[in-house]
Amino acid sequence: MPEGPSVRKFQLLISPFVGQVVAKVGGSSRKISLNDLNALRLQDSQVHGKNLYLAFMAAEGPSGPTAEETMLQKEASAVVRSPVQGRQEQVCAPHPHPHPQDEELQELQHSRSEGPGNWLRFHFGLFGSVRANEFSRANRANKRGDWKDPVPRLILHFESGGFLTFYNCRMHWCSSPVADPASDILSMEFHRGRALDALRAPNPICYTLLDQRYFSGLGNIIKNEILYLAKIHPLTQGSLLAPSDLERLLDCALQFSSDWLHRQLRGQGLHPQIYQREHCPLGHPVMKGTFGPLGGFKRLTWWCPHCQPEVL
């Protein structure tokens, strides 16, 4: 599923449409009544961790974007028009396995308990993506040998003539975004002290990094890459690591996430050093295992036994 940097890029693709009125709606989703979006104005967008939120309101009179959306629109225009990017509107996220935490279920229950609202929450699944003014096309045959284009869950056509397509995502109405900027790895309000306290827990460090209560937006790709960069074995208990090691790991998490986002904004792909690799950059064989908390989801993990020795 898309991690924090990818969802931020989705928001940039959407930002030029903020302030515009929905003229027509399509898509395959049965979770919401798609017709409810007709004639509504896309008023705002927010990203919190791996979740995208879009605010809609009745289109009564002119309404422009917020100051934040104006800034996002300028950034998005530079990205969408960049000749380097090629198929620039396409943002297909890498595809880690399901998340081990129950944060998604908690947010879903929260939105249901609140009842309908004017915010539409998107949580993206495997190969989830957002495209502006284009549809996804099949780049390979499916298991039956058919070349079928992916079907968007939601299509928003705007009065301006442009449109947005949303693929492989779950949508739910809520009254307001579920947000904790102190836990968001791409937020200026990220709470470093709280994150370090979590990392010190006597749990395998690869479990803690995926806990969205402290590292919202951090997913399996970031986890694997930063553990390699920090030279830490994924099953090392956080309580066994020196404070300097934890500080370095957190630095790697924040820097890697920021760099990944900026690479996407420049239209550059991600080139993992350890994730899904057979050898590390130094040529050592990479090991692969499936790890996760007892009773929770297990995630594929790659590590180099030579560069990331186990701490006993």
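## Burial, packing and backbone geometry in the predicted model

Ser-29 is buried, at a relative accessible area of 7%. The model is a predicted one. In the model, Ser-29 sits in the loop that links strand S1 (22-26) to strand S2 (40-48). A polar atom of the Ser-29 side chain lies 3.3 Å from the backbone nitrogen of Lys-31. Beyond neighbours within four places in sequence, Ser-29 is in contact with Leu-34, Arg-153 and Met-171. The loop between S1 and S2 also holds Ala-39. Ala-39 is not a glycine, yet its phi is positive, at about 70°. Most residues other than glycine have a negative phi.

The overall composition is as follows. The protein contains seven helices and nine strands. Of its 312 residues, 51% count as buried. Among contacts in the protein with a separation of 6 or more, 70% are between residues 24 or more positions apart.

Gly-49 gives one such view of distant segments brought together. Its place is the loop between S2 and strand S3 (51-58). Gly-49 is buried, with a relative accessible area of 3%; the cut-off for burial is under 20%. The C-alpha atoms of Gly-49 and Gln-212 are 7.9 Å apart, although 163 residues separate the two along the chain. Neighbours within four places in sequence aside, Gly-49 is in contact with Gly-4, Val-7, Asp-184, Ser-216 and Gly-217.

Helix H6 was examined next. H6 spans residues 220-229, and nine of its 10 residues are buried. The buried set consists of Asn-220, Ile-221, Ile-222, Lys-223, Asn-224, Glu-225, Ile-226, Leu-227 and Tyr-228. Lys-223 and Glu-225 are thus among the buried residues of H6. Four elements pack against the buried residues of H6: helix H1 (4-14), helix H5 (205-209), helix H7 (243-265) and strand S9 (299-303). Asn-224 is one of the residues of H6. Its relative accessibility is 0%, so Asn-224 counts as buried. Not counting residues up to four places away in sequence, Asn-224 touches Ile-274, Tyr-275, Leu-300, Thr-301 and Trp-302. After H6 comes Lys-231, with a positive phi near 60°.

Ile-226 of H6 also figures in the nonpolar interior. The largest nonpolar core has 38 residues, and those touching the most other members are Leu-199, Ile-205, Phe-215, Leu-218, Ile-226 and Leu-249. Helix H4 (192-199), H5, H6, H7 and S9 each supply at least two residues of this core. H7 gives the largest share, eight residues. Another core lies apart from this one and has 29 residues, including Ile-14, Phe-17, Val-25 and Trp-173.

H7 also packs against H1. Two packed helices are described by the angle between their axes and the distance between the axes. The axes of H1 and H7 come within 9 Å and cross at roughly 35°. The crossing of H1 past H7 is right-handed. On the H1 side, the contact involves Pro-5, Ser-6, Arg-8, Lys-9 and Leu-12; on the H7 side, Ser-257, Trp-260, Leu-261, Gln-264 and Leu-265. By class, the residues of this contact are five nonpolar, three polar and two charged.

Two further loop residues were considered. Gln-276 is found between H7 and S8. Its phi is near 60°, a positive value in a residue other than glycine. The relative accessible area of Gln-276 is 44%, so Gln-276 is partly exposed. Pro-293 is found between strand S8 (287-291) and S9. Pro-293 also counts as partly exposed, at 24% relative accessibility. Burial requires a value under 20%. The C-alpha atoms of Pro-293 and Asn-203 are separated by 9.0 Å, with these positions 90 residues apart along the chain.

Note on methods:
Residues numbered from 1 in each chain as written. Predicted model: local features only at pLDDT ≥ 70, side-chain atom pairs only at ≥ 80, totals over all residues. Heavy atoms only, no water. Buried < 20%, exposed > 50% of the residue type's maximum accessible area, 1.4 Å probe, protein only. Contact = heavy atoms within 4.5 Å. Polar contact = N/O pair within 3.5 Å; in protein donor to acceptor, adjacent residues only side chain to side chain. Core = buried A, V, L, I, M, F, W, Y, C linked by side-chain atoms within 4.5 Å. Axes fitted to C-alpha atoms, helices over the stretch in contact; angles between N-to-C directions. Left-handed = near helix turned anticlockwise from the far one by under 90°. Nonpolar A, V, L, I, M, F, W, Y, C, P; charged D, E, K, R; others polar.
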